[in-house]
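Reader: Could you take me through one part of this model in detail, paying attention to what surrounds it? I would like a single connected account rather than a list.

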Amino acid sequence: MDARLFRFLPTAIAVVAMVLAGASALAATPAELLAGYTAKAGAPAQPERGQAFFNKNFGREMGFSCASCHTTNPTKLGRDQVTEKSIKPLAPAANPARFTDAKKTDFHFDLNCKDVVGRVCTPAEKADILAWLLTQKP
Ligand code: HEC
C-alpha cells in the first residue's frame with residue numbers, strides 16, 4: 001500500500017466513524033420520538049386529545065390553531081398563514097421525512113406551540129399530537 005494512503009487511513013476511518021455515530025444519534029423514527037415523549041409524560045398518549053388540541057383555537061394572534069397552517073387533515077398539504085408558503089403533510093404516513101430528527105421536531109414543536117398556545121407544549125401534549133398523527137393515513 002502507498003505510504004501516504006496508509007497514514008491517511010486511520011484519520012479517514014475515524015472521520016467516517018464520527019459521522020456515523022453523529023447520524024445515528026440524530027436519526028430517529030416517529031415511534032421512538034413518541035416513546036420518548038410518553039416516557040417523559042409518564043402516561044400513555046391519547047390520540048383523540050391530540051386531535052382536539054391540534055384543532056383548538058387558542059384565541060391568540062390571528063386566532064391561530066395548529067390546523068390554521070397544517071389544516072385539519074395532516075395527510076394533506078398545509079399552507080403557512082404568515083408566509084403563505086405550502087407546508088408538506090405532517091402525518092408520517094403521507095410524508096416519511098416527518099418526525100425522523102428529534103432536534104428538528106422539537107424546534108418546530110416549541111416554536112409553533114409558543115405562537116399558537118403562548119407556551120411550549122408539554123411532553124404529554126406532544127405525545128398526544130404525534131400519536132394522533134400516526135393514526136392518519138392518506
Ligand atoms: C403559522 C403557521 C404554523 C402554525 C400555526 C403551526 N405550524 Fe407547525 N410548522 C409550520 C412550518 C412552516 C413548519 C416547518 C416547515 C416544514 O417542516 O414543512 C412546521 C413544522 C412543524 C413540525 C415539524 C415536524 C417534523 O418533525 O418534521 C411540527 C411537529 C409542527 N409543525 C407542529 C405544530 C403544532 C403542534 C402546531 C400547533 C401548536 C403547529 N405546528 C402550528 C407552520 C405552522
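**A close look at helix α2 and the loop before it**

Author: In this predicted model, Ala-28 counts as partly exposed because it has 19 C-beta neighbours inside 10 Å, whereas 20 or more would make a residue buried. Ala-28 lies in the loop between α1 (3–26) and α2, and, leaving aside residues up to four places away in sequence, it touches Leu-33, Thr-100, Asp-101 and Ala-102. The C-alpha atoms of Ala-28 and Phe-99 are separated by 7.3 Å, although these residues are 71 residues apart along the chain.

The helix that follows this loop, α2, has 12 residues and reaches 16 Å from its first C-alpha to its last, close to the 16 Å expected at 1.5 Å a residue. Within α2, Leu-33, Leu-34 and Tyr-37 are buried, and they lie on the same side of the helix because they cover an arc of only 100 degrees around its axis. On the other side of α2, Ala-31, Glu-32 and Ala-39 are exposed.

The buried residues of α2 pack against α5 (102–116) and α6. The axes of α2 (residues 30–41) and α6 (residues 123–135) come within 8 Å and cross at roughly 145 degrees, in a left-handed crossing. Among the residues making this contact are Leu-33, Leu-34 and Tyr-37 of α2, and Ala-127, Leu-130 and Leu-134 of α6; the residues of the contact divide into 11 nonpolar, one polar and two charged. After α2 comes Gly-42, whose phi is positive, near 75 degrees.

Methods: Residues numbered from 1 in each chain as written. Predicted model: local features only at pLDDT ≥ 70, side-chain atom pairs only at ≥ 80, totals over all residues. Axes fitted to C-alpha atoms, helices over the stretch in contact; angles between N-to-C directions. Helix = DSSP H or I, 4+ residues; strand = E, 2+ residues; numbered from the N terminus. Left-handed = near helix turned anticlockwise from the far one by under 90°. Contact = placed C-beta atoms within 7 Å. Nonpolar A, V, L, I, M, F, W, Y, C, P; charged D, E, K, R; others polar. Buried ≥ 20, exposed ≤ 12 C-beta atoms within 10 Å, placed from the backbone. Expected span 1.5 Å × (residues − 1). Arc of directions from axis to C-beta.
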